[in-house]
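Biologist: I would like to learn how to read helix packing. Could we go through an example together?

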Amino acid sequence: MRIPIQSVTPATGSAEIIGWVHEVRDLGGLAFFLIRDRTGIIQVTVPKKKAPESVLAAIKAVSRESVVRVIGNIKAMEKAPGGRELVPDVFEIINASESPLPLDVVEKVPAELDTRLDARFLDARRPRVAAVFRIRSAVIHAITAYFEKNGFTGITTPKIVAAATEGGTELFPIAYFDKEAFLNQSPQLYKQMMMAAGFEKVYEIGPIFRAEEHNTTKHLNEATSIDIEVSFADHNEVMKILEDLIVATYAHVKDTCGDQIANLELADFTVPKAPFTRLPYADAIEIAKKKIDEPIKYGDDISSAAERAIGAEMGSHYFIVDWPTEIRPYYAMPYEDDPSICRAFDLMHPRMELSSGAQRVHQHDLLVQQIAKKGLNPESFEFYLRPFRYGMPPHAGWGLGAERLVMTMLNLGNVREAVLFPRDMHRLVP
RNA sequence: GCCCAGGUAGUGUAGUGGCCUAUCAUGAUUGCCUGUCACGCAAUCGACUCGGAUUCGAAUUCCGACCUGGGCGCCA
């Protein structure tokens, strides 16, 4: 019976392990093999004078990163990693690896991200990379658990859609039988329709597609969006949900992913403290004005430089609230007493934007007005507008970028590190 | 879409007109080595993205193509 490497201790006695040959150190009369599975690494020590003939033949033939099965006695050995080593009676090559390898799994020589992504299956054998995706899994688990515990209904909405309804971003056109169709940029409109359906609290974790030709360390053309929509809630209530969720997610990762955090050398991994500061947009602009040279005025979008400057000033997660209505989408609800600003917000990490959301316009006629004000044609929004005529409850929601959440949580330099197979302007394979 | 920087052994790099039969590390192959943990030692193998131009001479300069990294705008 195979035992996970992590579970092998000096008390194990005889053990069978299966894994990949991580490193080989042949000293002549004595050879060391580090064998790795997803749980850890163990040293296999072969004293050549005492080893069976079959073991000697196998260790002579084996190459790095081959899959091997090793059976033998476990000895306590202080000099060995993990305080134990396996002396093999059986050393079987299950499947040999070609050499040379497309990249160095041990990373004596670091590979560039592009090279790593080309050989992602090998790259992901590196414990450090595996740790990122183990944590990403825990993040998604924590978020799903939070939603289910708090009465949300998980939904899935179409990724193939007929029209560019949200405006703003570019969409990928696709051939759909004899019709033109697009990959959806956001589940926004469908979430809102489910408010009209009376679901009250919905969430979706799924792919979104943006055809923007950007070339940065924080953009992807296919990303994972964590989305919610809540009826009878305003922007403040969904911001509260968002900060609770962020805290709960960090806490879950801290509780359950200690090994991975250690592996990533995140000694100062800390759970952020709620409540996050609510920074009015107007104040954010003032901070940016003071700290950077480029001209900035009220009503501008917040540039990357401004985003970094404000982030440095704030130091931890914060919300930017009370945005000018003019620079937010038509579905953001203006304040009654000052319609020039609206009930929209962004959740910011000091490095970048993580989420944006708003209380939505739920009144049909106001929505038509706002669509027209943005220079869009309300007639092409009929499928979206229709539910607003049949008892649409007031509601609010947000979308949170899963990759950016993981990237900022683990202090990754590039958002591509947070996706197994990233899609960007240049990369469609693998 | 705009702007900048790049493409040299499997991997990561040095090399700014002749000293390049191209540096170093890692790797692979072979040999030696009984406590390695980036094991050590020795030998060997392995590369200038492609096409054109300039020049006596191009990895190096110029033009074009292809590929890549990053910044901006915009966004998650």
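Modeller: Start with the residues that touch. In α4, Ile135, Ala138, Val139, His141, Ala142, Ile143, Tyr146 and Phe147 make contact with α6. Their partners in α6 are Ile241, Asp244, Leu245, Ala248, Thr249, His252, Val253 and Thr256. By class, this contact has 11 nonpolar, 4 polar and 1 charged residues. Keep in mind that this is a predicted model.

Biologist: At what angle do α4 and α6 pack?

Modeller: Helix α4 covers residues 127-149, and helix α6 covers residues 235-256. They pack at an angle of about 135°, with their axes 9 Å apart. Angles over 145 degrees count as roughly antiparallel, and those from 65 to 115 as roughly perpendicular. The α4 and α6 pair is therefore oblique. The crossing of α4 and α6 is right-handed.

Biologist: Which residues of α4 meet α12?

Modeller: Val132, Ile135, Arg136, Val139, Ile140 and Ile143 do. On the α12 side they meet Ala402, Glu403, Leu405, Val406 and Met409. Sort these residues by class: 9 are nonpolar, none polar and 2 charged. Helix α12 spans residues 402-409. The axes of α4 and α12 come within 11 Å and cross at roughly 120°. These two helices are therefore oblique to each other. The crossing of α4 and α12 is right-handed.

Biologist: Why do α8 and α9 count as roughly perpendicular?

Modeller: Use the angle range again. Angles from 65 to 115 degrees count as roughly perpendicular. The axes of α8 (residues 281-291) and α9 cross at roughly 100° and come within 9 Å. The two are therefore roughly perpendicular to each other. From α8, the contact uses Ala284, Ile287, Ala288 and Lys291. From α9, it uses Ala306, Ala309, Ile310, Ala312, Glu313 and Met314. The classes are 8 nonpolar, no polar and 2 charged.

Biologist: Now the RNA. Which residues come nearest to RNA strand B?

Modeller: Arg25, Asp26, Gly29, Glu213 and His214 come nearest, out of 52 residues around the strand. Look at the RNA side too. Of the RNA strand B atoms within 4 Å of the protein, 57% belong to sugar and phosphate. On the protein side, the surface near the strand has 15 nonpolar, 17 polar and 20 charged residues.

Biologist: Which element gives the most to that surface?

Modeller: β15 does, with 4 residues. Among the elements that supply at least two residues are also β1 (14-26), β2 (30-37), α2 (113-118) and α9 (304-314).

Biologist: What does a polar side chain contact on the strand?

Modeller: Check which part of the RNA is involved. For Lys108, a polar side-chain atom lies 3.0 Å from a phosphate oxygen of RNA strand B. For Glu23, a side-chain N or O atom is 2.8 Å from a phosphate oxygen. His219 has a polar side-chain atom 2.9 Å from a base oxygen.

Biologist: Let us finish with the backbone. Which peptide bond before Pro275 is cis?

Modeller: Look at omega. The bond from Ala274 to Pro275 is cis, with omega near 0°. Pro275 lies in the loop between α7 (258-263) and β12 (277-280). The bond from Val429 to Pro430 is cis, with omega near 0°. Pro430 is in the segment after α12.

Biologist: And phi: where does Glu65 lie?

Modeller: Glu65 is in the loop between α1 (53-61) and β4 (67-76). Its phi is near 70°, a positive value in a residue other than glycine.

Note on methods:
Residues numbered from 1 in each chain as written. Chains lettered and ligands numbered in written order. Predicted model: local features only at pLDDT ≥ 70, side-chain atom pairs only at ≥ 80, totals over all residues. Heavy atoms only, no water. Near = heavy atom within 4 Å. Polar contact = N/O pair within 3.5 Å; in protein donor to acceptor, adjacent residues only side chain to side chain. Nonpolar A, V, L, I, M, F, W, Y, C, P; charged D, E, K, R; others polar. Axes fitted to C-alpha atoms, helices over the stretch in contact; angles between N-to-C directions. Parallel < 35°, antiparallel > 145°, perpendicular 65-115°, else oblique. Left-handed = near helix turned anticlockwise from the far one by under 90°. Contact = heavy atoms within 4.5 Å.
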